[in-house]
Amino acid sequence: MQSKKSSIKEKNVDKTQCKCGENCPCCSKSSVFPVCFLACMMTAALVSLCFAIGITANISYRVQNDFTYRSRGQFVKEFEAKTADPIISLSASGAIDFFGSDHTGFIYSAPVNCIKCSSFEENLSAIIKEQGAFGQVYKYVYPSQPTDFDEFAYKGIVADDDGPVFLYVRNGYIYDRLDETNGDLAVSAFLAKYKK
């Protein structure tokens with residue numbers, strides 16, 4: 001009987017022993033811990049990435065919202081000051097407020113040293129007088145040394161570096177756009193299509 005017990009003990013000892021014949025810690029290690037540790041690290045990295053994206057989006061939204069907030073009321077001030085002109089010039093803050101306060105009307109934007117823009121503005125003024133669209137057309141000129149407000153307005157109005165862009169804005173959103181501003185007929189038709 002004792003020989004059976006000792007043979008069972010020897011078999012158990014043989015199972016726990018290393019192939020090299022010694023009990024070493026490397027043979028008794030489990031591979032579950034490194035896999036769990038790796039999964040935890042990957043989860044922590046993913047959560048950190050999500051937090052970083054959320055914080056960046058929140059800051060970006062606040063900065064954009066800050067431009068709109070600081071420009072509040074500027075459009076009305078500029079509009080009331082120049083109601084007799086056929087085309088009302090807007091600053092960057094006025095243009096941002098025009099979109100931010102859900103106004104409707106025409107706006108054209110151009111870079112400051114635009115050669116095509118002076119002839120376009122003359123034609124547009126004549127068409128406005130002909131059609132009686134006073135107080136519906138606004139102009140924003142992108143300066144050569146822009147401020148942060150100018151950069152924000154430039155992105156919103158989609159100004160073109162080569163020439164003027166004529167937009168129809170409805171309730172603060174760009175509803176239609178006329179890129180071909182050379183033809184008097186195209187500008188006249190565009191203005192007649194949406195004027196009040």
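Buried residues are those with under 20% relative accessible area, and exposed ones have over 50%. The legends below apply these terms to a predicted model.

**Figure 1. Helix 6 has buried residues on one side.** Helix 6 spans residues 148-157, and its buried residues are Phe149, Asp150, Ala153 and Ile157. These four lie on the same side of helix 6 because the arc they cover around the axis is only 95°. Asp148 and Lys155 are exposed on the other side of the helix. An α-helix has 3.6 residues a turn, so residues three or four places apart point the same way.

**Figure 2. Tyr108 and Phe120 form an edge-to-face pair.** The model contains 14 aromatic pairs. In the pair shown, the ring centres of Tyr108 and Phe120 are 5.0 Å apart and the planes stand at 80°, so the arrangement is edge-to-face. Tyr108 belongs to strand 2 (residues 105-111) and Phe120 to helix 5 (residues 115-131); the pair links distant parts of the chain, 12 residues apart. Both Tyr108 and Phe120 are buried.

**Figure 3. Tyr175 and Tyr194 form an edge-to-face pair.** The centres of the two rings are 5.8 Å apart, with 90° between the planes. Because Tyr175 lies in strand 5 (residues 173-178) and Tyr194 in helix 7 (residues 184-194), the pair ties together parts that are 19 residues apart in sequence. Tyr175 has 47% relative accessibility and therefore counts as partly exposed. Tyr194 has a relative accessible area of 14%, so this residue is buried.

**Figure 4. Ring pairs join eight aromatic residues into a cluster.** The cluster consists of Phe106, Tyr108, Phe120, Phe166, Tyr168, Tyr175, Phe190 and Tyr194. Tyr108 and Phe120 are the pair of Figure 2, and Tyr175 and Tyr194 that of Figure 3.

**Figure 5. The structure holds 1 cavity of 30 Å³ or more.** The volume of the largest cavity is about 30 Å³. The lining is made up of Thr104, Gly105, Phe106, Gln136, Tyr168, Tyr194, Lys195 and Lys196. By class, these lining residues divide into 3 nonpolar, 3 polar and 2 charged. Phe106, Tyr168 and Tyr194 also belong to the aromatic cluster of Figure 4.

**Figure 6. Helix 1 and strand 4 mark the two ends of the range of mean pLDDT among the elements.** Helix 1 (residues 2-16) has the lowest mean, 51, and strand 4 (residues 165-170) the highest, 87. The protein as a whole averages 75, and 74% of the residues score at least 70. Where pLDDT is low, the predicted coordinates should not be read in detail.

Technical notes:
Residues numbered from 1 in each chain as written. Predicted model: local features only at pLDDT ≥ 70, side-chain atom pairs only at ≥ 80, totals over all residues. Heavy atoms only, no water. 1 Å grid on protein atoms, 1.4 Å probe; cavity = no way out; pocket = protein on both sides within 12 Å on 5 of 7 lines; lining within 4 Å. Points joined across faces, edges and corners; volume = space filled by probe spheres on them. Nonpolar A, V, L, I, M, F, W, Y, C, P; charged D, E, K, R; others polar. Buried < 20%, exposed > 50% of the residue type's maximum accessible area, 1.4 Å probe, protein only. Arc of directions from axis to C-beta. pLDDT = per-residue confidence, 0-100. Phe/Tyr/Trp six-rings, centres within 6.5 Å; stacked < 30°, edge-to-face > 60°.
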